[in-house]
Amino acid sequence: MGLPELFLIAAGLSMDAFAVSLSKGLSMPRMRWKHAVIIALFFGGFQAGMPLLGWLISRRFEAYVVAFDHWVAFALLSFIGGKMIWEAAHGDAEEEEGGSSLNMKGLLVLAIATSIDALAVGITFAFLNVSVLPSVGLIGMITFLLSLAGVAIGHRFGAKFMKKAEIGGGVMLVLIGAEILLEHLGIF
């Protein structure tokens, strides 16, 4: 597997993280670069860590991981997206405080949910004898950069349309989860 293929895999894996980062930026009343970097580190770190974990697990558990990864991603993204929609419609404490805090627990769940596919990619890397450390480094770096850009782009548009943007971000998460599920079920 060459660099162009690895780059395409990295970009493809990072699209979910980009979309979620976009939705996180949409709900920021003020751009906080510290938060943007933390978000990007979470997504980049998990997108790099999951293929490494998948590579380590390798052939032994492949059938089990591939059998349920899409269900877990769908459930987590739907839950978080639904929660975002509900909070936007009903208001929440974070909004009243000006959105100054970053929910690390929620961010952790999102990082795991968006990187579950990467676990299967890591298993594939083991079968193809791909050099894993440079590959996961590239995946992590691309995801970090796209997530950072996603937060910034999302914020640029979200400051004007906070409630609608948060609802849109929640809908986006639910749709990403549905897409992952439908793709793995062979419908897409």
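Select Ile 38 and display its neighbours: setting aside residues up to four places away in sequence, Ile 38 touches Leu 102, Met 104 and Leu 107. The model on the screen is a predicted one. Ile 38 belongs to helix α2. Next, add Phe 144 to the selection. Along the chain, Phe 144 and Ile 38 are 106 residues apart, yet their C-alpha atoms are separated by 9.6 Å.

**Helix α2**

Extend the selection to residues 33–57, which form helix α2. Does the span of this helix agree or disagree with the expected value? The helix has 25 residues, and at 1.5 Å a residue they should span 36 Å. The C-alpha atoms at its two ends are 35 Å apart, which agrees.

Now colour the buried residues of α2. Among them are His 35, Ala 36, Ile 38, Ile 39 and Ala 40. Further along the helix, Phe 43, Gly 44, Gln 47, Ala 48, Met 50, Pro 51 and Gly 54 are buried as well. While viewing this pattern, recall a general rule. An α-helix has 3.6 residues a turn, so residues three or four places apart point the same way.

Move on to Ser 58, which follows α2. The phi angle of Ser 58 is positive, near 55 degrees.

**The packing of α2 and α5**

Add residues 104–128, which make up helix α5. At what angle do α2 and α5 pack? The angle is about 35 degrees, and the two axes lie 6 Å apart. The crossing of these two helices is right-handed. Which classes of residue form the contact of α2 with α5? There are 22 nonpolar and 5 polar residues, and no charged residues.

**Gly 137 in helix α6**

Select Gly 137, which is placed in helix α6, residues 132–158. Is Gly 137 buried, partly exposed or exposed? Gly 137 has a relative accessible area of 39%, so it is partly exposed. Then mark Gly 44. In sequence, Gly 44 and Gly 137 are 93 residues apart, while in space the distance from C-alpha to C-alpha is 9.2 Å.

**The whole chain**

Finally, display the entire protein chain. It contains 7 helices and 0 strands, and its order along the sequence is α-α-α-α-α-α-α. The chain has 188 residues, of which 45% count as buried. Among contacts with a separation of 6 or more, 94% join residues 24 or more positions apart. Switch to a surface view to end the tour. The chain exposes about 9600 Å², and carbon and sulfur atoms supply 71% of that area.

Terms used
Residues are numbered from 1 along each chain as its sequence is written. This is a predicted model: local features need pLDDT of at least 70, side-chain atom pairs count only at pLDDT 80 or more; totals for chains, interfaces and linings use all residues. Side-chain values use heavy atoms; hydrogens and water are left out. Axes are lines fitted to C-alpha atoms, for helices over the stretch in contact, and angles run from 0 to 180 degrees between N-to-C directions. Helices (H or I, at least four residues) and strands (E, at least two) are DSSP runs, numbered from the N terminus. A crossing is left-handed if the near helix is turned anticlockwise from the far one by less than a right angle, and right-handed if clockwise. Ala, Val, Leu, Ile, Met, Phe, Trp, Tyr, Cys and Pro count as nonpolar, Asp, Glu, Lys and Arg as charged, and the others, Gly among them, as polar. The expected span of a helix is 1.5 Å times one less than its number of residues. Buried means under 20% relative accessible area, exposed over 50%, partly exposed in between (1.4 Å probe, protein chains only). Contact means heavy atoms within 4.5 Å. Accessible areas come from the Shrake-Rupley method with a 1.4 Å probe; for residues, only the protein chains shown count as cover.
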